[in-house]
Amino acid sequence: MRYLFYLLVLVFITACQKDQSQKNLPKDLLSEEILAEFQGTIHCQDCKGIKTRVALQPERKFEMKMKYVGKSDSIYHYKGQYYYDEDEQLLMIKTDDQIQYFNINPEYLKKLDENAKPFPSENEEDYFLIRQ
């Protein structure tokens, strides 16, 4: 009987713990002001730029379109859920086989590298998507 009690307590504690892998946006970013469309042309090493549009939608859904300017007429289209790391102010968008990282601000998204670090660049604006 004692073991059953401990098992129930363990199950209760486990069920009450917060899932840390999919944090919600903080309350100040849950407002309508962050649910917007962001656009810009991101720096590209082997093309003229990556024309990018990211739409952040309710319920942590996103839609992203990317076109490699001067390289291909193809438009890459992604849909899914975005995730947010509140401690790092980091937006994570999973595309086919990789995760795209952005610093998030109500006025812009700033593209980060595959390690979620800023790109080394003389022109920081090469990595901004501006709210439309």
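These are my notes on one buried threonine, the largest pocket and two hairpins in a predicted model.

**Thr 52**

I started with Thr 52, which sits in strand S2, residues 49–57. Is Thr 52 buried or exposed? I get 2% relative accessibility, so I call Thr 52 buried, the cut-off being under 20%. I then looked for a polar partner: the side chain of Thr 52 reaches the backbone oxygen of Ile 50 at 3.0 Å. Leaving aside neighbours within four places in sequence, I listed the contacts of Thr 52 as Phe 38, Gln 39, Gly 40, Ile 42, Met 64, Lys 65, Met 66 and Leu 129.

**Largest pocket**

Ile 50 turned up again here: along with Tyr 68, Gln 98, Gln 100 and Lys 111, Ile 50 lies nearest the centre of the largest pocket, which has 24 lining residues. Two or more of the lining residues come from each of S2, strand S3 (61–69), strand S6 (99–105) and strand S7 (108–112). S6 gives the largest share, three residues. I put the volume at about 540 Å³. By type, I sorted the lining into 11 nonpolar, six polar and seven charged residues.

**Hairpins**

Next I followed S3 into strand S4 (residues 75–85); the two pair antiparallel over seven bridges. Lys 67 stands opposite Ile 75 in S4. Five residues separate the strands of this hairpin, and I noted a positive phi of about 80° at Gly 70 in the turn.

S4 also pairs antiparallel with strand S5 (residues 90–94), through four bridges. Tyr 83 has Met 92 in S5 as its bridge partner. Which residue takes a positive phi in the hairpin of S4 and S5? I found Gln 89, near 55°, with four residues between the strands.

Notes. Residues numbered from 1 in each chain as written. Predicted model: local features only at pLDDT ≥ 70, side-chain atom pairs only at ≥ 80, totals over all residues. Heavy atoms only, no water. Buried < 20%, exposed > 50% of the residue type's maximum accessible area, 1.4 Å probe, protein only. Polar contact = N/O pair within 3.5 Å; in protein donor to acceptor, adjacent residues only side chain to side chain. Contact = heavy atoms within 4.5 Å. 1 Å grid on protein atoms, 1.4 Å probe; cavity = no way out; pocket = protein on both sides within 12 Å on 5 of 7 lines; lining within 4 Å. Points joined across faces, edges and corners; volume = space filled by probe spheres on them. Nonpolar A, V, L, I, M, F, W, Y, C, P; charged D, E, K, R; others polar. Pairing = 2+ DSSP bridges.
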